[in-house]
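Please load the model in the viewer and keep the selection tool at hand. The tour proceeds by selection, one site at a time.

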Amino acid sequence: MSIPRGFIDELVQRADIEEVVGRYVPLTRKGANLWGLCPFHSEKTASFSVSPDKQIYYCFGCGKGGGVLSFLMEMEHLNFVEAVQQLADRLGVEVPEEEDGDREWRRRRERTLELNKKAARFYYEQLSQPQGAAVADYIAQRRISRKFALRFGLGAAPDAWDSLLRAMAGQGYEKAELIEAGLAVAGKNGGVYDKFRNRLMLPVIDLRGNVIGFTSRVMDNSAPKYLNTPETALFRKRSTLYGLNFAKATKRDSLLLVEGNIDVITLHQAGFDNAVATMGTALTEEHIHLLGRYTKQLVLCYDNDAAGLDATQRAIGLLKNTELSVRVLQLPRRRTEGGELVKQDADDFIKYQGAAAFETLLGGSADQTAYRLEVIQNKYDLTADDQRAAFLQETATMLAGLDSPVEREIYGNRAATAAGLSGETMAQEVEKARRSQGRRARRQEERRAMTPADSFQPSQRQLRYQNVRSARAEEGIIRLLLLDSGLFPQAEELQEDEFSSPFLSKLFRLLKERWQAGEAVAIPALSADLSTEEMSRLVQLAQAPETGQQKEKALADYIERVRSEAAKQRSSGYDRLLAVREQKRKKTMEDDVL
C-alpha cells in the first residue's frame, strides 16, 4: 500500500460516514443506526444501515458493506487511491506524496483518457476527409444535424488497417497503449492493427465528461454490425449508459430508455433530451442503480419486435421491486408504401411520424402492469373457450405477484372484461394462484432451513468455505477481535495456516499486523487491503451477534475448535493449499466455458 496507513487511519477517523453517505442517501435515525433505501440495489423498504459508532454501512438486502472509503469506491466507481483523494479533498487534507507505483498508475490512466480524447478528435476530423465520406453520407441519411453530430462527437474510422495507429504514433503514443485502451488489436502473427475500421464512431462519455470508450457501426456488410470498446479499466458495459452525460440535466420528469445509440441522438435532436441507452447489453442492476440517481420515473421504449418484447419483459422483472415508477412506450408498426407492416425503432418513428406524434405516444405510455396484461392478451384468441381458460390462468399467475390488492382488483376486472368473465371468477383464480405461490415459497424456505451449512456460506463464490464448522469458529475469532482488540494476546499464537478459510486467514493476519503495529483495529481501516466483495463479507459476519460476556472463554473455545478441525484435516491427509488450487482450477475451467 503506497499511501501511509497512518494517514488513511487518520482520514477515516476524521470523516463522518453519516455525512458522506447522507449526500447520496436520505437517512432516518432508528435507535443507534441510520436507515435508508440502498443505493446499490433497488428496493422499496429500507434495508440499508449506517452505524455512526462503528463508521460502517451494511445493506441487509444485497449484502454490500464497508467503511467510508468503500462507500465512495462503490458509489463513484473509484479505485482505492481515487477514493482516498476524493475524501481528502472533501476534508481539506493533502494526501502524502504517492509512491512510484501509484504515480505510474495515475499517469497511465490520465494518458489513456487523453488518448481516447485525441482518438475521438481524429475520428471527427475524418468526416471532412475523402476517407470519411461514406460515414458522412450515412449521418446525413439518418438526418442527424451537424450540431448534434458535433454534440455527440460522431466520427469516422477510415477503411484502413492502421490509420489511427499512425496518427497516434505521431503524437507520441505506443502501440501497447492503444491496445490497452481497446483502440488497437494484436494479431496472431505479431502485427498490430486498428480495432475500428470503416465504421461510424460514437464516443462514450462518462458523467465527468471523459471519453472512456467507443461504440461503432460498420459501413458495409461485414460483421459484427455494432462493435464496442472491449472491457477496460475505464469502460464497463454493465455500468455505462450512453447519453446519460447529457440526459442527467433534463428538465423532463423521467428518463427514456431505448435500445440504440442512434435512437438516443435522434431523440435528443427532436427535443427528448432524457433518452439513454445501454451499451449493446441487457439492462443490469448496475444500470438501474445509476438510473435511480437521476430519476424516479423510467419509460421503456424498446423495438417492437420479438427481441424488443423479450427485453422489455426482462427489464420489468428487474425493475419490479425498485423505487422507480416504470412505464412502457410501445411503438406501433409502420406500413410501407407497399402496404407491408414493419417494425420501427424510436429513430424510425421520429423520422416518419415526427416529434409531436412521439410526444403524444409518450404521454400515453402504459404502466408496467397494463403492458404485461396486454402482452398476455395478445397471445390468445379470446373467442375460443380453451384460449380464454389459458389466458385466465396466465393472467392470474401474473396478477398474483402484485403486492397491492387494489392493483390486483383493477387489473383483474380489466382482464375479466376482456375475456367475458365475471370479476369474481377472476379474483378467485388470482387468490388460488397466490396460495400456490405462497406454498412454493414456504417449501423453498424449508429446504433452505434443512441445509444450514449452505445458508451459512458466503454468497460470493470465491469466498465459500471448505470446512463450515471451522469457518464458523474462525468468524467468531474475527468478531471478538474486532469487538475487543485487548483479546489479541490470547490469540497471538494462533497461526494463519490453522484457518480453513483463506479469506478468514487473511483477515486474521491483517488485524494482527495492525494490532502489533499499534494501529487501529477496525473495519474501515481495511479498505486498502480488501476487495469490495471481501469488505462486504467482513461487515456481514461482523453483524452476527457475539457474546459480550466471558469473551476470553468464547475466544478460547473458538480457537480450540479451529485447531481440532485443522488436526482432523491433517490426520485425514487433507491439504488445504492443494484444495484451494483445485478450487481455482475448477473455477478457471468454468469461466472458460462461460
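Select His41 first; this residue lies in the loop between β2 (33-36) and β3. The model is a predicted one. Is His41 buried or exposed? Its relative accessible area is 17%, and because buried means under 20%, His41 counts as buried. Display side chains next: that of His41 makes a polar contact with the side chain of Glu43, at 3.3 Å. Then extend the selection to the residues that His41 touches beyond its neighbours within four places in sequence. These contacts are Ser47, Cys59, Gly61, Cys62, Glu285 and His289.

One of these contacts, Cys59, leads to strand β4, which comprises residues 56-59. Select the strand and inspect the directions of its side chains. Ile56 and Tyr58 point one way, while Tyr57 and Cys59 point the other way. All four of these residues are buried.

Now add strand β3, residues 48-51. Strands β3 and β4 pair in the antiparallel sense over 4 bridges. To locate one of the bridges, select Ser51, whose partner in β4 is Ile56. The hairpin of β3 and β4 has 4 residues between the strands. In this hairpin, Gln55 merits a check of its backbone torsions, as Gln55 takes a positive phi near 60°.

Continue to the other pairing of β4. Strand β5 (residues 65-66) runs antiparallel to β4, and 2 bridges join the two. Which residue of β5 is the bridge partner of Tyr57? The partner is Gly66. Here the hairpin has 5 residues between the strands, and Gly63 takes a positive phi near 85°.

Keep Tyr57 selected and add Tyr24, Phe40, Phe48 and Phe71: these five residues form one aromatic cluster. Across the model, the count of aromatic pairs comes to 20.

Two further rings carry a charged side chain over the face. Select Arg151 and Phe246: Arg151 lies over the face of Phe246, at 4.1 Å from the ring centre. Then select Arg334 and Tyr352, where the arginine lies over the face of the tyrosine ring at 4.0 Å from its centre.

For the final stop, select Asp386 in helix α17, which spans residues 385-400. Asp386 is exposed, with a relative accessible area of 54%. Add Ala186 and draw a distance between the C-alpha atoms. The two residues are 200 residues apart along the chain, and their C-alpha atoms are separated by 60 Å.

Terms used. Residues numbered from 1 in each chain as written. Predicted model: local features only at pLDDT ≥ 70, side-chain atom pairs only at ≥ 80, totals over all residues. Heavy atoms only, no water. Phe/Tyr/Trp six-rings, centres within 6.5 Å; stacked < 30°, edge-to-face > 60°. Lys NZ or Arg CZ within 6 Å of the ring centre and 35° of its normal. Buried < 20%, exposed > 50% of the residue type's maximum accessible area, 1.4 Å probe, protein only. Pairing = 2+ DSSP bridges. Polar contact = N/O pair within 3.5 Å; in protein donor to acceptor, adjacent residues only side chain to side chain. Contact = heavy atoms within 4.5 Å.
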